[in-house]
Amino acid sequence: MNILALIAFVLWATFMRLLPQIIDIIRLKQWSASIPGPSLYEFMWKSRKMSILDRLKEVHKKYGSTFRVWLGKDLFVFLADPDDIKTLLSSNHLLHKSSNYKLLESWLGKGLIINGGESWHKRRKLLTPAFHFSILSEFKESMEENCQILIQQLKEKTNGEPFDICPYITLFALDVIYETAMGLKKHAQLQSDSLYVKTIDEVCHISHRRSFSALYRNRTLFKFTKLGRKYQSGVQILHEETKHVVKLKRKMLEECKYDILKDRENLSDDITGKKRLAFLDMLLISQMEGMPLTDDEIREEVDNFMFAGHDTVSSAIAFTLHLLSQHPAIQKQAYEEVLAAMRDGNEYMPYLEAVIKESLRISAVVPFFSRQTTDDFKVGSLTVPKGVNIVVLAYMVHRDERYYSQPEKFDPTRFLQGDKGSHPYSFVPFSAGPRNCIGQRFAMLELKCALSNLLRAFEFLPVEGFQPILLPAIVMKSENGIKVQLRLRN
C-alpha cells in the first residue's frame, strides 16, 4: 500500500511540475490552428525522405511566406516576407534566441550567439570595439600571409584532377581566426589534419539532426543516446582546445601585464594611431581590470568566435569558388578587376564585392535563424503569443521573385544596380538590426582578401556532373564537399 501511495505521489508531483508546460502547449496549440502548416507527423515523416532544406522549400511553396511547424513541444512560425522580417529584426525587444539555440548550450554556453536580454547587451557592448574598422585594417596583413600559405598548398592540386577544396579553405579560416581574434598562431594549414575542425563538423551535423528530431530535442533522453554521447565527447574536445587557447594567452598577458595596462590607459577613444587589442585580449584584460567575467564566460565567448569566425567564412569562400567555376565569364570579370586593383594600388573592388553578396544570397551560409517571444509580438497581421519561436527563413527570403528576377541565376550585377526596386530586408546574410552579426565586417574583409588572392593565383574550373548537396548544419555546408579543378595562372 505504501509503495502504491509513493508511486501515486510521484506521478502527482510530476504532473504538477509539468502542468504549466502542458497549459502553455494547449494554449499555443489552439493559437497555431489559425496559421497554415503541416502536422508534426507529416513534417517529420517527409523530412526522413528528403533534406530539411528541400522540405522547408516544399512547405513554403504549399503554405506561403508565413507557416508554422511543430517540433516536439516547440512551436516555430517561419517568416519569408521582407516586411515581416523588418518588423522582427528591427525590434529592440525581441532579442532572445529561440529554443533551438538552447540545444547548443552545452557547447557554446551563454556566449553572444545564444545569449539574450541585458546580459547579451552588456557583452555585446564590451566586444564591439574589437571589430572597429580601424582594427580590421591591422588584420589584413595576417590574412594575406595565410592566403599565401593556402596558395602554396593548392599549387599541389593544379594537375587537372578534381578535388574537394573545403578542407583547405577551412584550415585557412581557422588560422586566420586564431591569429586575428585570438592573437595566436595555429599553423593548421601546415598540419593539414585538425581534430578541432573535424570535431566541429561532427558536432554541427549532430546538432542539425537534433534540431529536427522530436526525440533528440529532449535533453534528458538525448544524453542517453549513442548520438548524445558522441556529441558530449565532441563538446569536451572543443572545450579543451578553447581552454588551452585561453590559458596560453593569459600566461602571455600576465608576463607583460604592466606594459599592456599602461598602453591601454594611453589609447584614445577614437581608436586611432596605436595597435588595438584583439578580441581575446579585451576579454582577459577586462577580467584583469576587475570586470565580473568568469573563466567559463571567457571560454564561452572564445568558443562562439572560434566557431562562427571560421566556419561561416570558410563555407562562404567555398560556395563562391564553386559558383565562379560554373560561370567563367563572371570569374574572368572578377579576375580582371582584381588585377586592375593590384596594379593601381586600389582596394576598392565593387564587382568582387557584388560576387560575394550574390553568392551569400544564393548559398545563404546561415539559411535560417530565429528568436523567441517573451511577450506578445505583432508582426504583419499576426499577434504572436509569448513562447513562440519565430524563424527568418533567409534561404527563401533571398529567392523572393518580387526582388530577384530569376532568383536561381547567379548574377552579381544585381548588387551593382543600387537599391532601386529592392527591399532592405530581402538580403539578410548577416541578420540585421540590433542583433546583427558583430563580425560581418571581419567576414567581408576576409572574403575579399581570400578571393582576390585566389583569383590572381588560379583559374577555377568546373567538375563535370558535380553539384553540392546542401546541408544546413547550423552553417550551410555541402554534404559532398565542393569539388573544383585548378589551373595555375601565369
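Arginine 414 comes out as buried in this predicted model, with a relative accessibility of 13%. Its charged side chain isn't left without a partner: arginine 414 forms a salt bridge with glutamate 358, and the closest N and O atoms sit 2.9 Å apart. Arginine 414 belongs to the loop between helix H19 (394-397) and helix H20 (440-457), while glutamate 358 is part of helix H18 (residues 350-363), so this pair ties together parts that are 56 residues apart in sequence. Glutamate 358 is buried too, at 0% relative accessibility.

A salt bridge at 3.3 Å (N to O) also links the side chains of aspartate 281 and lysine 249. Here two helices are involved: aspartate 281 lies in H15 (residues 279-288) and lysine 249 in H13 (residues 226-255), so parts 32 residues apart in sequence get tied together. Aspartate 281 counts as buried, with a relative accessible area of 10%, and lysine 249 is likewise buried, at 7%.

Next up is arginine 55, whose side chain meets that of glutamate 42 in a salt bridge (3.8 Å, N to O). Since arginine 55 is in helix H3 (residues 52-63) and glutamate 42 in helix H2 (residues 40-47), the pair connects parts that are 13 residues apart in sequence. Arginine 55 is buried, with a relative accessible area of 2%, whereas glutamate 42 is partly exposed, at 22%. These two don't stand alone, either: salt bridges with shared partners join Glu42, Arg55, Glu58 and Lys62 into one network.

Across the whole structure, the search turns up 28 salt bridges.

Terms used: Residues are numbered from 1 along each chain as its sequence is written. This is a predicted model: local features need pLDDT of at least 70, side-chain atom pairs count only at pLDDT 80 or more; totals for chains, interfaces and linings use all residues. Side-chain values use heavy atoms; hydrogens and water are left out. A salt bridge is a side-chain nitrogen of Lys or Arg within 4 Å of a carboxyl oxygen of Asp or Glu. Helices (H or I, at least four residues) and strands (E, at least two) are DSSP runs, numbered from the N terminus. Buried means under 20% relative accessible area, exposed over 50%, partly exposed in between (1.4 Å probe, protein chains only).
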